[in-house]
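Q: Please take a close look at a single part of this structure. Pick one strand, describe its surroundings, and finish with the ligand.

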Amino acid sequence: MTISAHIVGWGKYLPKEVLTNEYFERLVDTSDDWIRSRTGILERRRAHPKEHTSSLAVKAAWSALEVAGLSPRQVDLILLSTITPDYIFPGTAYVVQDALGAFHAAAFDLNAGCTGFVYALAVAADMIKSGSYRNVLVIGAETMSRILDYSDRNTCVLFGDGAGAVVLQASEQPGGILASVLGADGSGGGLLQQPAGGTRHPATPETIEHRLHFVKMNGNEVYKFAINAMTKASKEAIQKAGLAIDDIDLVIPHQANVRIIHSAGKNLGLPPERLYVNVERYGNISTGSIPVALCEALEEGRIQANDHVLLVAFGAGLSWAAVALQWGDKTTVAERPWWKTAVRTLRNRQAAAMQSVAKRAGRKIDAWWPHRNGNGVEKNGE
Ligand code: UT7
């Protein structure tokens, strides 16, 4: 029996605060006209000081689980892509696992810049197809506002915060993830990076003074790389899936710059109506951009059952990736009375909170009675 991997749940979360181009006109030497014409961006979101990458991720994940009709306890693996983790370690995927109460799930973070979500989806699909996992939560979440230098006009106007998630599930139905292409060129790492905060340049007064904990980018070089990488990865993934460009109903590209999207689309011979664009509303959410765009494409009815969809991204690393997929049956969120959704969400969250409290209490008890194992059972089995 051949196992396929289908997206059966999807969700997004965008913080409430909207930063317009006018906001940046007051901060740096820029203009609404420059930002619009050079990038297509009109506004982006910024997380509340009390929000962080895991809290954005958890909200997107709850929605994806709700659409999939799964409880967190049915999730086998959480794969979280981010370049703005809550901590250097532990990984943000573990924070999310605990918050969801997904206690049967393995979890890990993946760092492939803006390409991360497509990388993660490809890895998750292969893990499902190999038979190792059944329900995988794939999340792309980013709080870019925490690593942006709001005095650097080259970068601060471009990025925004947000998260998107999908549930990828094993299925006997054909279709789902058909092919993936992953690529990297580490020699271009310096073109887009957060130089300090790792082991090469740990935080010192000097790194802070030189603002090395913020995003640095050679935008022009990344721009040229992006168009080539997206064109090449798209062609390879489409060919690997046994398809032709004309078979692709919708391309969901990484949302960094509308000019990059249209140039890559032109290289591929794709008309603008087959390219999904929402960069005007959110700016570049890095790894969150594609799952958020996927959710919105579904909400707008741009994806129908059996459609061929291409996801394609580029980013820090340098990295690039494309996934060709055939959508399954589910294209809309099932019409469920609002109160049923509310009760279910409440029950899931309560269960997660109670399990978390119970686990923590268990750990405290174990610390007092070290002869007991994690389940409160005597270590010698008595
Ligand atoms: O997801 C991966 C992350 N990175 C990206 O996606 C970025 C990819 N690159 C881009 O999107 C574009 O290269 C930018 C939008 C960053 C820049 O557009 P460009 O058409 O490549 O402009 P440029 O780099 O050639 O710069 C043109 C000018 C420069 O001034 P000078 O040196 O010609 O006097 C910049 O200093 O525009 C200037 N500039 C700005 N002017 C007003 C750069 N940022 C701004 C700004 N407002 N915010």
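**Strand β4 and the ligand**

A: The bridge partner of serine 81 in β5 is leucine 110. Between β4 and β5, the chain passes through helix α4, residues 92-100, and this β-α-β crossover is right-handed. The model is a predicted one.

Strand β4 spans residues 77-81, and β5 covers residues 106-110. The two run parallel and are joined by 5 bridges. A further 5 bridges join β4 to β6, residues 135-142, and this pair also runs parallel. In β6, valine 136 is the bridge partner of leucine 77.

Burial in β4 can be read face by face. One side carries Leu77, Leu79 and Ser81, all buried. Ile78 and Leu80 are on the other side, and they are buried too. Both faces are thus covered, and the count for the strand is 5 buried residues of 5.

As for the ligand, 24 residues surround it, and Thr30, Arg38, His254, Asn257 and Asn284 come nearest. A ligand nitrogen is 2.6 Å from a side-chain N or O atom of threonine 30. For arginine 153 the contact is through the backbone: one of its polar backbone atoms is 3.0 Å from a nitrogen of the ligand. Asparagine 284 places a polar side-chain atom 2.8 Å from a ligand oxygen. The ligand taken alone exposes 940 Å², of which the protein buries 74%.

Key: Residues are numbered from 1 along each chain as its sequence is written. This is a predicted model: local features need pLDDT of at least 70, side-chain atom pairs count only at pLDDT 80 or more; totals for chains, interfaces and linings use all residues. Side-chain values use heavy atoms; hydrogens and water are left out. Buried means under 20% relative accessible area, exposed over 50%, partly exposed in between (1.4 Å probe, protein chains only). Helices (H or I, at least four residues) and strands (E, at least two) are DSSP runs, numbered from the N terminus. Two strands pair if DSSP finds at least two bridges between them. A crossover is right-handed if, with the strands pointing away from the viewer, the path from the first strand over the helix to the second runs clockwise. A residue is near a molecule or strand if one of its heavy atoms lies within 4 Å of it. A polar contact is a pair of N or O atoms within 3.5 Å; within protein, one must be able to donate a hydrogen and the other to accept it, and residues adjacent in sequence count only if both atoms are side-chain atoms. Accessible areas come from the Shrake-Rupley method with a 1.4 Å probe; for residues, only the protein chains shown count as cover.
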